[in-house]
Amino acid sequence: MQEGFVIWFTGLSASGKTTLAKEVERELRARGMRYVQRLDGDVVRQDLTRDLGFSKKDRDENIHRVTFVAELLSKNGVATTCSFISPYRKARETARVRCHNFVEVYVQCPLEVLIERDPKGLYKKALTGEIKGFTGVDDPYEPPESAEIVVHTGQETIKESTDKVLAFLEENRLIPTANENAASAQVSAGEGK
Ligand SMILES: Nc1ncnc2c1ncn2[C@@H]1O[C@H](COP(=O)(O)OP(=O)(O)OP(=O)(O)O)[C@@H](O)[C@H]1O
Ligand SMILES: [Mg+2]
């Protein structure tokens, strides 16, 4: 059976968590992995945690519920990606303890670059005070101290950042390498003859 794991992307808004999770998911499927699930902050907040806001209590509860789901998935052989700002270290540490094969990815990017990117127009609103309690502007973000992987999306291309994550998973034998996948596809084709 496929070995389950959780790739936990944490970082400020617009740092690249969703972008990288989608790229990693695409690559895992391309390598023949069938059990892959992406959990994303924006999606989860419209459903599982739609009753929650952005106070510390609600942010912790958001991550608590997602951790529950990621734990179940990872313990049952699913390759799981989680993309959540998840600003509090303690909540991420709880996720680490509970999930099977937890891999933390710190998606680091300077604030100036994020303000420049501002794909949702949220930094503009936070900087003018239209929205309050925005992580990185007037709400805290506690950076990981020992993440398995750090990507610097202000300098790296999306491919470079994605490849760092894939390389770690390959090195830890959590996913097949692109070559192994091609070889196993040949064996299956041969068996079918
Ligand atoms: N190396 C990189 N990795 C990821 N994204 C990058 C990189 N370089 C540039 N980008 C760009 O940065 C933006 C990141 O947006 P994305 O929605 O992925 O952020 P996010 O961290 O999911 O934000 P939010 O917390 O608001 O959901 C995209 O427009 C993406 O194209
Ligand atoms: Mg996102």
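Glu 23 and Arg 26 lie three residues apart in helix H1 (residues 17–30), and are therefore separated by about one helical turn; helices here are DSSP runs of H or I with at least four residues, strands are runs of E with at least two, and both are numbered from the N terminus. In this predicted model the side chains of Glu 23 and Arg 26 meet in a salt bridge, with 2.8 Å from N to O, where a salt bridge is defined as a side-chain nitrogen of Lys or Arg within 4 Å of a carboxyl oxygen of Asp or Glu. Glu 23 is partly exposed at 25% relative accessibility, on a scale in which buried means under 20% relative accessible area, exposed over 50%, and partly exposed in between (1.4 Å probe, protein chains only). Residues are numbered from 1 along each chain as its sequence is written, chains are lettered from A and ligands numbered from 1 in the order in which they are written. Because the model is predicted, local features need pLDDT of at least 70 and side-chain atom pairs count only at pLDDT 80 or more, while totals for chains, interfaces and linings use all residues, and side-chain values use heavy atoms, with hydrogens and water left out.

The structure holds 21 salt bridges. One of these is found in helix H7 (residues 158–171), where Lys 159 and Asp 163 are four residues apart and thus separated by about one helical turn; their side chains meet at 2.6 Å, N to O. Lys 159 is exposed, with a relative accessible area of 56%, whereas Asp 163 is partly exposed at 34%. Salt bridges with shared partners also join Arg 92, Glu 93, Arg 96, Glu 104 and Glu 148 into one network. Within that network, the side chains of Arg 96 and Glu 148 meet at 2.8 Å, N to O. Arg 96 belongs to helix H4 (residues 89–98) and Glu 148 to the loop between helix H6 (122–127) and strand S5 (149–152), so this pair ties together parts that are 52 residues apart in sequence. Both ends of the bridge are partly exposed, Arg 96 with a relative accessible area of 22% and Glu 148 at 30%.

Helix H3 (residues 56–75) comprises 20 residues and reaches 28 Å from its first C-alpha to its last, close to the 28 Å expected at 1.5 Å a residue, the expected span being 1.5 Å times one less than the number of residues. Its buried residues include the polar or charged Asp 58, Arg 59, Asn 62 and Glu 71, together with Ile 63, Val 66 and Ala 70. The elements covering the buried residues of H3 include strand S1 (5–10), strand S2 (36–40), helix H2 (41–44), strand S3 (79–83) and H4, contact being counted for heavy atoms within 4.5 Å. H3 is followed by Gly 77, which has a positive phi near 80 degrees.A search of the whole structure finds four aromatic pairs, that is, rings of Phe, Tyr and Trp (its six-membered ring) with centres within 6.5 Å, classed as stacked when the planes are under 30 degrees apart, edge-to-face when over 60, and tilted for the rest. Among them, Trp 8 and Phe 84 form a tilted pair, 5.8 Å centre to centre with 35 degrees between the planes. Trp 8 lies in strand S1 and Phe 84 in the loop between S3 and H4, so the pair ties together parts that are 76 residues apart in sequence. Trp 8 is buried at 0% relative accessible area, and Phe 84 is buried at 3%; with Phe 102, these two residues form one aromatic cluster. In addition, the charged end of Arg 45 sits over the ring of Phe 54, 3.9 Å from its centre, and that of Lys 56 sits over the ring of Tyr 88, 4.5 Å from its centre; the criterion is NZ of Lys or CZ of Arg within 6 Å of the ring centre and within 35 degrees of the ring normal.

In soluble globular proteins, nonpolar side chains tend to be buried together. The largest nonpolar core has 21 residues, and those with the most contacts inside it are Phe 5, Ile 7, Phe 9, Leu 28, Val 105, Val 165 and Leu 169; such a core is a set of buried Ala, Val, Leu, Ile, Met, Phe, Trp, Tyr and Cys residues joined through side-chain atoms within 4.5 Å. S1, H1, strand S4 (102–108), S5 and H7 each supply at least two residues of this core. Leaving aside neighbours within four places in sequence, Val 165 is in contact with Ile 7, Phe 9, Val 24, Val 105 and Ile 149. A second, separate core of 13 residues includes Val 6, Leu 39, Val 66 and Cys 99.
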